[in-house]
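Grab a pencil and work through a few short exercises on the model shown here. Try each task before you read its solution.

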Amino acid sequence: MIKRPFFGFTRPKLTYADIALFAQTEVRDIPLPKKVTLLLHDNRIHPGDLGLRQDTEVKTGAAVPFSGGKKGNLTTTATGTVDAVFEDSTYTDHRSICVTIDVDEPDRWDTGFTDAAESPSAQVAREFLPASPAWRMFTRYSTLRTLSIPLL
(Lines give C-alpha, C1' and ligand atoms only; values in the text may rest on other atoms or scores of the structure.)
Protein backbone atom coordinates (compact mmCIF):
# COMPACT_ATOMS: atom_id res chain seq x y z
CA MET A 1 0.00 0.00 0.00
CA ILE A 2 1.34 3.44 -0.87
CA LYS A 3 0.96 6.08 1.81
CA ARG A 4 1.08 9.64 0.53
CA PRO A 5 1.69 12.60 2.78
CA PHE A 6 -1.14 15.10 3.10
CA PHE A 7 0.88 18.27 2.50
CA GLY A 8 3.41 16.75 0.07
CA PHE A 9 6.59 17.79 1.94
CA THR A 10 7.89 14.21 2.08
CA ARG A 11 8.05 11.41 -0.43
CA PRO A 12 5.40 8.66 -0.59
CA LYS A 13 6.19 5.50 1.39
CA LEU A 14 5.56 1.98 0.18
CA THR A 15 4.44 -0.33 2.99
CA TYR A 16 3.88 -4.05 2.64
CA ALA A 17 3.18 -7.06 4.83
CA ASP A 18 6.04 -9.33 5.81
CA ILE A 19 6.25 -12.33 3.48
CA ALA A 20 7.13 -14.63 6.38
CA LEU A 21 3.56 -14.24 7.66
CA PHE A 22 2.21 -15.95 4.53
CA ALA A 23 4.80 -18.73 4.24
CA GLN A 24 3.53 -22.30 4.40
CA THR A 25 5.66 -25.30 5.21
CA GLU A 26 3.79 -27.85 3.09
CA VAL A 27 2.04 -27.96 -0.25
CA ARG A 28 -1.67 -28.70 0.00
CA ASP A 29 -3.75 -30.27 -2.75
CA ILE A 30 -6.80 -28.32 -3.83
CA PRO A 31 -9.79 -30.68 -3.95
CA LEU A 32 -11.79 -31.02 -7.14
CA PRO A 33 -15.14 -29.21 -7.23
CA LYS A 34 -18.39 -31.17 -7.60
CA LYS A 35 -19.36 -29.27 -10.78
CA VAL A 36 -17.39 -27.47 -13.48
CA THR A 37 -18.92 -24.97 -15.91
CA LEU A 38 -17.12 -24.27 -19.18
CA LEU A 39 -17.95 -21.01 -20.95
CA LEU A 40 -17.50 -20.58 -24.68
CA HIS A 41 -17.75 -16.98 -25.92
CA ASP A 42 -18.31 -17.30 -29.66
CA ASN A 43 -21.29 -15.88 -31.53
CA ARG A 44 -20.92 -18.39 -34.36
CA ILE A 45 -21.44 -21.45 -32.12
CA HIS A 46 -24.82 -22.68 -30.86
CA PRO A 47 -25.49 -25.39 -28.25
CA GLY A 48 -26.41 -27.85 -31.01
CA ASP A 49 -23.02 -27.35 -32.69
CA LEU A 50 -21.14 -29.04 -29.84
CA GLY A 51 -20.67 -32.77 -29.90
CA LEU A 52 -21.81 -32.91 -26.28
CA ARG A 53 -25.21 -33.95 -25.01
CA GLN A 54 -26.55 -34.57 -21.53
CA ASP A 55 -25.11 -37.72 -19.87
CA THR A 56 -22.07 -37.79 -22.20
CA GLU A 57 -18.87 -39.03 -20.56
CA VAL A 58 -15.86 -36.71 -21.01
CA LYS A 59 -12.19 -36.98 -20.05
CA THR A 60 -9.84 -34.22 -18.98
CA GLY A 61 -8.18 -32.60 -21.99
CA ALA A 62 -10.59 -34.09 -24.54
CA ALA A 63 -11.08 -31.89 -27.61
CA VAL A 64 -14.79 -31.65 -28.47
CA PRO A 65 -15.05 -30.52 -32.13
CA PHE A 66 -17.76 -28.25 -33.46
CA SER A 67 -20.16 -29.64 -36.03
CA GLY A 68 -21.41 -27.96 -39.18
CA GLY A 69 -17.97 -27.24 -40.64
CA LYS A 70 -17.04 -24.71 -37.96
CA LYS A 71 -13.35 -24.62 -37.07
CA GLY A 72 -12.03 -25.08 -33.56
CA ASN A 73 -13.00 -27.15 -30.57
CA LEU A 74 -13.76 -26.98 -26.86
CA THR A 75 -11.23 -28.58 -24.50
CA THR A 76 -12.76 -30.12 -21.40
CA THR A 77 -10.99 -29.38 -18.12
CA ALA A 78 -12.53 -32.12 -15.96
CA THR A 79 -13.44 -35.80 -16.06
CA GLY A 80 -17.09 -36.61 -15.56
CA THR A 81 -20.58 -36.57 -17.03
CA VAL A 82 -22.09 -33.64 -18.92
CA ASP A 83 -25.03 -32.32 -16.88
CA ALA A 84 -26.28 -29.57 -19.22
CA VAL A 85 -25.43 -27.65 -22.39
CA PHE A 86 -27.24 -24.35 -22.73
CA GLU A 87 -26.96 -20.81 -24.04
CA ASP A 88 -26.76 -17.86 -21.66
CA SER A 89 -26.49 -14.08 -21.97
CA THR A 90 -24.62 -11.80 -19.61
CA TYR A 91 -25.89 -8.46 -18.37
CA THR A 92 -23.92 -6.78 -21.18
CA ASP A 93 -25.78 -8.98 -23.71
CA HIS A 94 -22.77 -11.13 -24.61
CA ARG A 95 -23.91 -14.60 -25.57
CA SER A 96 -22.02 -17.65 -24.34
CA ILE A 97 -22.44 -21.40 -24.45
CA CYS A 98 -22.31 -23.05 -21.01
CA VAL A 99 -21.34 -26.69 -20.50
CA THR A 100 -21.83 -28.03 -16.96
CA ILE A 101 -19.90 -31.17 -16.00
CA ASP A 102 -20.52 -33.32 -12.90
CA VAL A 103 -16.96 -34.15 -11.84
CA ASP A 104 -15.87 -37.75 -11.14
CA GLU A 105 -13.09 -38.22 -8.62
CA PRO A 106 -10.50 -40.31 -10.50
CA ASP A 107 -9.13 -37.88 -13.07
CA ARG A 108 -8.80 -39.65 -16.43
CA TRP A 109 -6.79 -37.87 -19.13
CA ASP A 110 -7.60 -38.04 -22.82
CA THR A 111 -4.69 -39.39 -24.86
CA GLY A 112 -5.65 -37.76 -28.19
CA PHE A 113 -2.95 -35.11 -28.13
CA THR A 114 -0.28 -37.45 -26.79
CA ASP A 115 -0.97 -39.99 -29.53
CA ALA A 116 -0.97 -37.29 -32.24
CA ALA A 117 2.28 -35.76 -30.97
CA GLU A 118 4.13 -39.03 -31.57
CA SER A 119 3.82 -38.57 -35.34
CA PRO A 120 3.70 -34.82 -36.07
CA SER A 121 2.39 -33.77 -39.47
CA ALA A 122 0.65 -30.85 -41.13
CA GLN A 123 -2.75 -32.45 -40.49
CA VAL A 124 -2.01 -32.74 -36.76
CA ALA A 125 -0.99 -29.06 -36.66
CA ARG A 126 -4.18 -28.02 -38.47
CA GLU A 127 -6.22 -30.03 -35.99
CA PHE A 128 -4.64 -28.90 -32.72
CA LEU A 129 -3.32 -25.35 -33.35
CA PRO A 130 -6.68 -23.56 -33.73
CA ALA A 131 -7.73 -24.87 -30.30
CA SER A 132 -4.75 -23.46 -28.42
CA PRO A 133 -5.22 -20.18 -26.50
CA ALA A 134 -2.09 -18.71 -28.12
CA TRP A 135 -3.52 -19.29 -31.61
CA ARG A 136 -6.78 -17.56 -30.64
CA MET A 137 -4.81 -14.56 -29.39
CA PHE A 138 -3.01 -14.16 -32.71
CA THR A 139 -6.12 -14.62 -34.83
CA ARG A 140 -7.95 -11.74 -33.17
CA TYR A 141 -6.16 -9.38 -35.52
CA SER A 142 -7.81 -9.07 -38.91
CA THR A 143 -4.52 -9.31 -40.83
CA LEU A 144 -3.80 -12.73 -39.39
CA ARG A 145 -7.31 -14.03 -40.00
CA THR A 146 -6.84 -13.76 -43.75
CA LEU A 147 -3.27 -15.01 -43.68
CA SER A 148 -2.90 -18.55 -45.01
CA ILE A 149 0.11 -20.31 -43.57
CA PRO A 150 1.24 -23.39 -45.54
CA LEU A 151 2.27 -26.11 -43.14
CA LEU A 152 4.97 -28.45 -44.44
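**Exercise 1: Salt bridges**

There are four salt bridges in this structure, which is a predicted model. Let's pick some of them apart.

Task: Find out which residue forms a salt bridge with Asp83, and which strands the pair ties together.

Solution. Start with the contact: Lys35 is the partner, and the closest N and O atoms of the pair are 2.8 Å apart. Next, place both ends: Lys35 sits in strand 3 and Asp83 in strand 7 (residues 80-89), so the bridge ties together parts 48 residues apart in sequence. Now check the cover. Lys35 has 43% relative accessibility, so it counts as partly exposed. Asp83 comes out at 27%, so it is partly exposed too.

**Exercise 2: A second look at Lys35**

Task: Work out how Asp102 is linked to Lys35.

Solution. Step one is the side chains: Asp102 and Lys35 form a salt bridge, with the closest N and O atoms 3.1 Å apart. Asp102 belongs to strand 8 and Lys35 to strand 3, so this pair ties together parts 67 residues apart in sequence. Step two is the strands: Asp102 in strand 8 is also the bridge partner of Lys35. That fits the wider pattern, since strand 3 and strand 8 (residues 95-103) pair in the antiparallel sense over six bridges.

**Exercise 3: One more pair, then the network**

Task: Say whether Glu87 and Arg95 are buried or partly exposed, then list the residues that shared salt-bridge partners join into one network.

Solution. These two form a salt bridge, the closest N and O atoms being 3.2 Å apart. Glu87 has 38% relative accessibility and is therefore partly exposed. Arg95 has a relative accessible area of 16%; the buried cut-off is under 20%, so Arg95 is buried. As for the network, shared partners join Lys35, Asp83 and Asp102.

**Exercise 4: The two faces of strand 3**

Task: Sort the side chains of strand 3 (residues 35-40) by face.

Solution. Recall the rule first: in a regular strand, side chains alternate between the two faces of the sheet. Here, Val36, Leu38 and Leu40 point to one face and are buried. Lys35, Thr37 and Leu39 point to the other face and are not buried.

**Exercise 5: A nonpolar patch**

Task: Which residues make the nonpolar surface patch of about 520 Å², and where does Phe7 lie?

Solution. The patch is made by Phe6, Phe7 and Phe9. Phe7 lies in the loop between strand 1 (2-3) and strand 2 (13-14). With 64% relative accessibility, Phe7 counts as exposed.

Conventions:
Residues are numbered from 1 along each chain as its sequence is written. This is a predicted model: local features need pLDDT of at least 70, side-chain atom pairs count only at pLDDT 80 or more; totals for chains, interfaces and linings use all residues. Side-chain values use heavy atoms; hydrogens and water are left out. Patches are made of residues with over 30% relative accessible area and no salt bridge: like charges are joined within 9 Å, nonpolar side chains (Val, Leu, Ile, Met, Phe, Trp, Tyr) within 5 Å. Accessible areas come from the Shrake-Rupley method with a 1.4 Å probe; for residues, only the protein chains shown count as cover. Helices (H or I, at least four residues) and strands (E, at least two) are DSSP runs, numbered from the N terminus. Buried means under 20% relative accessible area, exposed over 50%, partly exposed in between (1.4 Å probe, protein chains only). Two strands pair if DSSP finds at least two bridges between them.
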